[in-house]
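Good morning, everyone, and thank you for making the time. I would like to walk through one structure with you, so please have the sequence and the model open while I talk.

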Amino acid sequence: MRFLVKKLVSFIATIFIVSLLIFFIFNILPGSPAQAILGVDADEQQVKLLEEELGLNEPLHLRYIHWIIGIAQGDLGVSYKYGQPVAEVLKDRIPISFSLAVIALILTVVIGIPLGILIAKTDGKWSSIILSMITQLGISTPSFWLGFILIMVFAVKFGLFPTYGFIPWSENLGEALKSVFLPSLAIAVGNIAIVIRYLKNSILDQTKEDYVRTAIVKGLGANEIMYNHVLRNALLPVLTVLGLITADTLGGSIIIENVFALPGLGSLLVTSIESRDFPLIQSLILIISLIIILANFTVDLLYKVIDPRIRV
Amino acid sequence: MQRKSITLYIGAVLVSILFLMMIVSFFWTPYGPNEMNTKIALQAPSWTYPFGTDNFGRDIFSRILEGSKTAFLVGITSIMIALTFGFIIGGIAGYFGGIVDEVLMRIIDSILAIPGILFAIMLVSVFNTGMQNTILALGIMGIPTFARVIRSGFMQVKEFDFVKSSKVKGAGSFRIIFKHILPNIFSQIIVASTLFFSGAILAESGLSYLGLGVQPPDPSWGRMLSEAQAYMTNAPWYIGITGIFIVLLVLGFNMLGDGLRDLKEKRN
């Protein structure tokens, strides 16, 4: 119980600090949003009027409070560019980014964990050098460039996937999956490399433990030891990077959506920056950050459930 | 040879080669990096144009050489910004501890929850694009990471006997920090800087690809990728070769950083 309270307090504190930081960056730094919308030629009177209309003449702390209360009620402000509520603009785009992130995370786990086990089992001098090179390469490759390569090979050359665009899930399940598969894979590759690295080191650390020696002496088979004993403990440290991986997946999707012309949150962020649509940018960044903070919080709780030894 | 030292070795070789390339580009490129000639647009790699030409007939090899300057400039200057402010924040937190440490670290950890690229995009959207603003955004992006590393270094070294004894002897904070603590956390700073360098290069190429980073006429590998995107099918070498250079530079710094860290751990 004390654990839960402590984690909850830190969760709320993190949200508070992040929201304050985002608000601060967008509202204290020089340059009036009203001026930005109207252009440099606008006269002072016009700027003043628009500022009033947008509520920019209120004191800073009130604006922050209004913003936060609004968000809690699902009111994210009004987009300058689209002239409609931010929530409305986001509605159709969230499912796209969400599909992308979920499939990327599934690929990371489904490919990363078995490969990590396999690599730990075949840990030899040369094989481990080659494999560590490959994981290093996976971590060092920009996901958006990998996206281009995947398009060139699997979409253009072999015609297995569409080159760009999104097909809604309601239209055709198979085609929808196809349209998000390559971008998800491009995001996942770097994270797969991270999972492999963590899991391999973690398994190798575990196999040095006494309980493994006991199991060997008891005459248990290698596979039984691995899957029933070692893996359960070895997966714990991997769980801690899951929060990091979620962050990376969402960060990566911002760029990848532009490569594959997917109309999700990431491509919206880029176009809203080009049109200096501050309410939209501010809300988008907050939403993406909140998802990550929530993911980290969930990972912390999961960790506690799986390993009750954890103390704060 | 040990596996660990192979990583270090390969990383050092890669970084040295690319660094040398960057130095060479100051004195020599095979053609003018901005020299246009549409008659020879989108030529495949050949002896005359080792990496081919782009849509304006510019020599891609010359442009990659020119772009290496930007990559190193962005990496090094953003490290300097991140290190300076990270040192101040991390140093204060680690040296004084207590409530100051508690508050500063809570803020730092909260910022670290935002993905680096998102944080950089947010800053650039306020600062505006261009080389200087990109460097500034990446520098600020790195502050929390460096603050963490430096704080934990301070915490460890502070407890060493020789530091305690010099405190008892009445040495001032300034003297203790620069004479005793700094030299002892130097290797940690080098490792963090090396690994941050690759992160900064990745972020810069991402920002520039999105059109939010380095702007023309400043050369950038990320921008070259966004230009190459339109010619993906008829000039695949353009996008391929440009990307490989980003990978090599990031890989070099990642391996160098990992190698140095392993070396340091072995020594301890």
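Let me begin with the place where the two chains meet, and let me say at once that what you are looking at is a predicted model. The contact draws 44 residues from chain B and 46 residues from chain A. The size of an interface is often given as the accessible area lost when the parts come together. Here chain B and chain A bury about 4,000 Å² between them, and 78% of that area lies on carbon and sulfur atoms.

What about charge across this interface? Side chains of opposite charge can pair when their charged atoms come close. Between chain B and chain A the rule finds 1 salt bridge, whereas the count over all chains comes to 14 salt bridges. The pair that crosses between the chains runs from A:Arg197, in helix H9 (residues 173-206) of chain A, to B:Asp258, in helix H9 of chain B. In that salt bridge the closest N and O atoms of A:Arg197 and B:Asp258 are 2.4 Å apart. As for polar contacts, 6 residue pairs are counted between chain B and chain A, with both residues of each pair at pLDDT 80 or more.

Which elements of chain B give two or more residues to the side that touches chain A? They are helix H1 (3-27), H3, helix H4 (116-127), helix H7 (173-209) and helix H9 (236-267) of chain B. The largest share of that side, 12 residues, comes from H9(B). Sorted by class, the residues of chain B that touch chain A comprise 30 nonpolar, 11 polar and 3 charged.

Now to the chains themselves, taken one after the other. Chain B contains 9 helices and 0 strands, and its C-alpha trace spans about 75 × 50 × 30 Å along the principal axes. Chain A contains 13 helices and, again, 0 strands, with its C-alpha atoms filling a box of roughly 85 × 55 × 35 Å along the principal axes.

With helices as the elements of chain B, I would like to look at how some of them pack. Two packed helices are described by the angle between their axes and the distance between the axes. My first example involves H9(B) again: the axes of helix H2 (residues 60-96) of chain B and H9(B) cross at roughly 35° and come within 11 Å, and the crossing is right-handed. On the H2(B) side the contact is made by B:Ile60, B:Ile64, B:Ala71 and B:Phe72, while the residues of H9(B) include B:Trp237, B:Tyr238, B:Phe245 and B:Phe253. By class, this contact of H2(B) with H9(B) has 10 nonpolar residues, 1 polar residue and no charged residues.

My second example is the pair formed by helix H3 (residues 98-112) and helix H5 (residues 131-158) of chain B, which pack at an angle of about 145° with their axes 9 Å apart. This crossing of H3(B) and H5(B) is left-handed. Among the residues in contact are B:Asp101, B:Met105 and B:Asp109 of H3(B), together with B:Pro144, B:Arg148 and B:Arg151 of H5(B). The contact of H3(B) with H5(B) has 7 nonpolar, 1 polar and 4 charged residues.

Finally, two details of the backbone. Most residues other than glycine have a negative phi, and most peptide bonds are trans. In chain B, the peptide bond from B:Pro216 to B:Pro217 is cis, with omega near 10°, and B:Pro217 sits in the loop between H7 and helix H8 (221-228). In chain A, the residue to look at is A:Arg276, which is not a glycine and yet has a positive phi, near 50°. You will find A:Arg276 in the loop between helix H12 (265-274) and helix H13 (278-306) of chain A.

That is where I will stop, and I am happy to take questions.

Terms used:
Residues are numbered from 1 along each chain as its sequence is written. Chains are lettered from A and ligands numbered from 1 in the order in which they are written. This is a predicted model: local features need pLDDT of at least 70, side-chain atom pairs count only at pLDDT 80 or more; totals for chains, interfaces and linings use all residues. Side-chain values use heavy atoms; hydrogens and water are left out. Axes are lines fitted to C-alpha atoms, for helices over the stretch in contact, and angles run from 0 to 180 degrees between N-to-C directions. Helices (H or I, at least four residues) and strands (E, at least two) are DSSP runs, numbered from the N terminus. A crossing is left-handed if the near helix is turned anticlockwise from the far one by less than a right angle, and right-handed if clockwise. Contact means heavy atoms within 4.5 Å. Ala, Val, Leu, Ile, Met, Phe, Trp, Tyr, Cys and Pro count as nonpolar, Asp, Glu, Lys and Arg as charged, and the others, Gly among them, as polar. Buried area is the accessible area (1.4 Å probe) that two parts lose on being put together, summed over both. A salt bridge is a side-chain nitrogen of Lys or Arg within 4 Å of a carboxyl oxygen of Asp or Glu. A polar contact is a pair of N or O atoms within 3.5 Å; within protein, one must be able to donate a hydrogen and the other to accept it, and residues adjacent in sequence count only if both atoms are side-chain atoms.
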